[in-house]
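Biologist: Could you pull up the model, so that we can go through a few points together?
Modeller: Of course, here it comes.

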Protein chains: 2
Amino acid sequence: MGRNKELNELMKDERKQQIFSSALKLFATRGLASTKIADIAQDAGFSQGLVYHYFKSKDDIFIQLIKMAFTQLNSAAKQLEHFDLPHLQKLKIAYESMMDGLVHHEDAALTHLLIATSSASESIPDEARLIIDEQYFFPYEVIRRIIEAGQTDGSIVSKNSRDLALLFWSTIRGLSIYRATHHDTFVVPEVESFLAMFRNKE
Amino acid sequence: MGRNKELNELMKDERKQQIFSSALKLFATRGLASTKIADIAQDAGFSQGLVYHYFKSKDDIFIQLIKMAFTQLNSAAKQLEHFDLPHLQKLKIAYESMMDGLVHHEDAALTHLLIATSSASESIPDEARLIIDEQYFFPYEVIRRIIEAGQTDGSIVSKNSRDLALLFWSTIRGLSIYRATHHDTFVVPEVESFLAMFRNKE
DNA sequence: ATTATTGTTGAATAAATATTCAATCAATAA
DNA sequence: TTATTGATTGAATATTTATTCAACAATAAT
């Protein structure tokens, strides 16, 4: 018979991981259409044909990456909500940990970028669009709930919570995009400046 | 001889305008690579071949649009700087007029989106990249100077002005992107929430 | 009306790129 | 060893799409 099955699976996963890693980088920085299968293969360090041994198509890779990106983001959001912290502190932690990701974890930065640019694109596979439509608002809702809780105890300013959640994520997304092209000069803005939008000052 | 020259020029400009308009919409929402010449022609309402009567190539259209987008944005920034208003008010006006653009002027919204997504892309023509690299920071510098002036007179908080300018534009860009995909549900967040990042509260 | 000029089309053509595939290779269980 | 299985390659092939082009149309000066 052939080779050991479990080891095989491991190697297969490793290969897939390599492909995901290269594809994430390229899709996030160049977009789906501009990224060639040849680019992914080259970046991952093997032949074009092999990509098709592991994935059905370019779209397939993209769709799976989108799934993974939202899974990560949304599970982080879910975790955040259940932390035992004052509400304003949760916003602070969220900002700080995402900024830390942007600066220190290339993959996290690329994941944010992929979400920001893919969500805004009208030229992604239907299945990717479906996933985005289903999952996009979850982090908004989490932040909104945290804001409303903070408004109840007076720590967060009494403005429309939907607006505030929108400001929260727009700012984060904007910073993610900036960071993508200017990693060299990117410095995280002080969290207190960011929090000023939410803090209740009376 | 042929037809009247000036009229011709006018008609030619009008045609070009049509192409620009369709291309702006498509490039901004789908990206350069996903936008087909056929799409542009169809949207503008004429044949594929005609596009090449007015433009050298797809890249050519894109590059000119990028030029126009930065010209608009940067001249608006320049104007803003010379308004005779308190410094914090300038930030307020900037936010309000850009938000007004997002909501009421499709082209303004698309221009912001084009800038946000193209700037972040590593797969645009060299000439477009050049223009972006030359012009990208101008609005940041304008806002930064306004912030520093406001810090001098005490109306704006004394944090690093570069950070604050980054927050300013990141938030605007984030909102632009959100608006692009969710025009139906987009509501402009109150300017006071936005301004809280900059206002000196003592 | 005629003619010169530019506008316009849609069908080639040329390039680029996704996908398939036949052949070879590497590992290992027998 | 050797037979079997899956991995890997690189060269087809198929598809998509940018670009060119030959033909026809419309316009307006003569």
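Biologist: Which residues does B:Ala120 touch, not counting residues up to four places away in sequence?
Modeller: B:Ala120 touches A:Thr29, A:Ile177 and A:Thr181, where contact means heavy atoms within 4.5 Å. This is a predicted model, in which local features need pLDDT of at least 70, side-chain atom pairs count only at pLDDT 80 or more, and totals for chains, interfaces and linings use all residues. Residues are numbered from 1 along each chain as its sequence is written, and side-chain values use heavy atoms, with hydrogens and water left out.

Biologist: Is B:Ala120 buried or exposed?
Modeller: B:Ala120 counts as buried, because its relative accessibility is 4% (buried means under 20% relative accessible area, with a 1.4 Å probe and protein chains only).

Biologist: Changing topic, how can chain A be laid on chain B?
Modeller: A turn of 180° with a shift of 0.0 Å along the axis lays chain A on chain B with an RMSD of 0.0 Å, superposed by least squares on the C-alpha atoms of residues with pLDDT of at least 70 in both. That is the relation of a two-fold axis.

Biologist: And through which surface do the copies meet?
Modeller: The copies meet through the same surface, because 100% of the interface residues of chain A are also interface residues in chain B.

Definitions and conventions: Chains are lettered from A and ligands numbered from 1 in the order in which they are written. Buried means under 20% relative accessible area, exposed over 50%, partly exposed in between (1.4 Å probe, protein chains only).
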